[in-house]
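Hi,

Here is the structure I promised to pass on. Have a look at it first, and then read my notes below.

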Amino acid sequence: MAEEKRQNIYKISRTIKRRENTLYNALRSIYEDSTFVGEISQLWPELPLVANLRCGLWYSPKFDFNCYFKSTDGHTNNLSFSIPRLNLHVALFAGQRGGCIIVDSTRKGKRFPDSMSKTIPIWTCVLNRAVSNYRRRLARYDSLENESDTSNELGNLGQHSSSWDCSLHLPLWVSDTEKRMIEKHLDGWNKELEASGADITKIALYLRKPLRPLWISQKTVIWLNEVPEYDSWDFTPVMLVSASSSSFTSQQRTTSKFSWNYIAGAGDDEESWARGLSPDLFWKHAYDIISSDPDLCNQKIADIVEKDRVRRAHRGENAPQVSVRPSKCLGSPSTSLIGDPVELDNGTVAEGEKSNNDDHISFLGSTNIAVCKSQLAMEVPPAYCIINCDRESLSVSIDNPEMYLHLPILVCVVLMSNRPLPHKKSSHEFS
């Protein structure tokens with residue numbers, strides 16, 4: 001009996017969690033957290049804003065470039081310096097611009113993801129040691145040859161190797177035991193970096209001061225009248241901005257119209273909630289999404305994603321059908337074989353004029369086959385194959401005559417595929 005009660009409580013808690021983690025709640029939480037990211041970037045507008053893929057990419061409409069530091073490389077008992085993910089471009093841009101701001105987020109209960117607590121601090125330390133070793137070797141070579149313009153330039157740009165900070169800088173919440181564990185691996189990681197053949201010449205040329213991480217969250221206190229100039233420090237700052245609030249409890253927030261539940265680290269694990277929506281597509285329609293009714297959010301996102309897919313298909317880009325698993329807690333019906341109608345944005349409808357129900361293309365499940373009214377087939381790109389099932393033949397622009405087939409039947413529809421059709425056959429062969 002007690003076991004059955006525990007299972008029921010578990011099911012109820014899971015149902016409540018699913019209802020709290022709705023698509024609208026996730027996008028609204030991202031939108032709110034992006035305000036904090038924008039405020040931090042405005043404190044140091046000269047520094048490039050960098051998204052740590054993939055979660056960080058959701059938290060600003062515009063990033064200068066991306067990076068990829070995995071949290072798993074900083075997990076306890078799984079500490080590593082990743083050779084496939086060297087992110088040398090981050091160090092190069094930080095050297096050229098005097099620093100950088102990296103944005104990421106994490107789920108409820110933590111202020112910073114492990115990518116910021118340990119992965120990036122390990123990365124900065126290993127690169128600082130690599131640059132120091134490179135300059136030391138170059139200095140020895142220069143003392144023998146006494147003719148190296150490049151080494152002289154390096155000597156003028158960077159600090160002397162004896163004063164170059166190669167120590168490991170970790171946040172206060174990382175224990176001393178774990179810090180010592182990391183320090184034991186540093187020599188081995190530097191040997192792996194040298195053995196990889198990675199070219200750090202440009203980094204050594206542009207990096208005037210050693211890299212050093214700084215941690216900023218929504219709980220960080222920054223006096224706006226005492227914001228330090230980034231070039232006043234004796235290091236190159238790598239500012240690690242954790243976008244989300246680290247509250248351990250669920251937060252219900254309200255606006256003048258709606259109430260919603262805040263989700264910390266909402267941008268994480270986008271496959272489980274985004275329904276095909278990408279960060280770029282979200283920010284193109286952010287105001288419309290956020291200001292809409294939460295109950296209509298799922299349908300609005302489905303329309304946005306499908307319209308974007310149709311546009312990309314018209315341009316000949318890869319545009320796979322997005323399949324969405326229905327939510328159990330909402331009692332949604334199973335996925336329909338025929339997708340919801342999508343308005344065809346082909347410029348034939350005047351701006352502000354509502355399209356009628358015939359101006360739609362409906363895709364069949366996850367296939368690249370669509371059904372629409374025959375007149376719309378004349379507007380599709382010439383790379384499309386067309387089966388015209390209307391009684392009258394159409395005048396269409398196509399690349400190959402074999403990509404058009406007139407097969408009149410009683411129902412007036414058009415099927416389109418992005419693959420060429422077979423040669424024309426007699427009517428009995430299509431039965």
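How many helices and strands does the secondary structure of the protein chain come to? There are ten helices and 13 strands, where helices (H or I, at least four residues) and strands (E, at least two) are DSSP runs numbered from the N terminus.

A word on the source: this is a predicted model, so local features need pLDDT of at least 70 and side-chain atom pairs count only at pLDDT 80 or more, while totals for chains, interfaces and linings use all residues. Residues are numbered from 1 along each chain as its sequence is written, and side-chain values use heavy atoms, with hydrogens and water left out.

Now the overall picture. The protein chain has 431 residues, and 42% of them count as buried (under 20% relative accessible area, with a 1.4 Å probe and protein chains only). Take the contacts (heavy atoms within 4.5 Å) between residues at least 6 apart in sequence: 69% of them join residues at least 24 apart.

Next, the sheet. Five strands form an open sheet with parallel pairing, in the order β2-β1-β3-β5-β4; two strands pair if DSSP finds at least two bridges between them. β2 (65-67) and β4 (211-216) are at the edges with a single partner strand each, so one side of each has no neighbour in the sheet. β1 (residues 49-52) pairs with β2 over three bridges, and one bridge partner set is Asn 52 with Cys 67 in β2. Helix α3 (residues 88-97) packs on the sheet and touches β2, β3 (100-104), β4 and β5 (236-242).

What about the inside? The largest nonpolar core (buried Ala, Val, Leu, Ile, Met, Phe, Trp, Tyr and Cys residues joined through side-chain atoms within 4.5 Å) has 44 residues. Leu 27, Trp 44 and Trp 58 are among those with the most contacts inside it. Helix α2 (23-43) is one of the elements that supply at least two residues, and α2 gives the most, with eight. A second, separate core of 42 residues includes Ile 122, Leu 186, Leu 193 and Val 238. Trp 44 touches several residues further along the chain, including Ile 101, Ile 216 and Met 239.

One last residue to click on is Asp 114, which is found in helix α4 (residues 114-145). Is Asp 114 buried or exposed? Asp 114 is buried, with a relative accessible area of 16%. Its side chain makes a polar contact of 3.4 Å with that of His 75 (a pair of N or O atoms within 3.5 Å; within protein, one must be able to donate a hydrogen and the other to accept it, and residues adjacent in sequence count only if both atoms are side-chain atoms).

Cheers

Key:
Buried < 20%, exposed > 50% of the residue type's maximum accessible area, 1.4 Å probe, protein only. Axes fitted to C-alpha atoms, helices over the stretch in contact; angles between N-to-C directions. Lists of a residue's contacts leave out its neighbours within four places in sequence.
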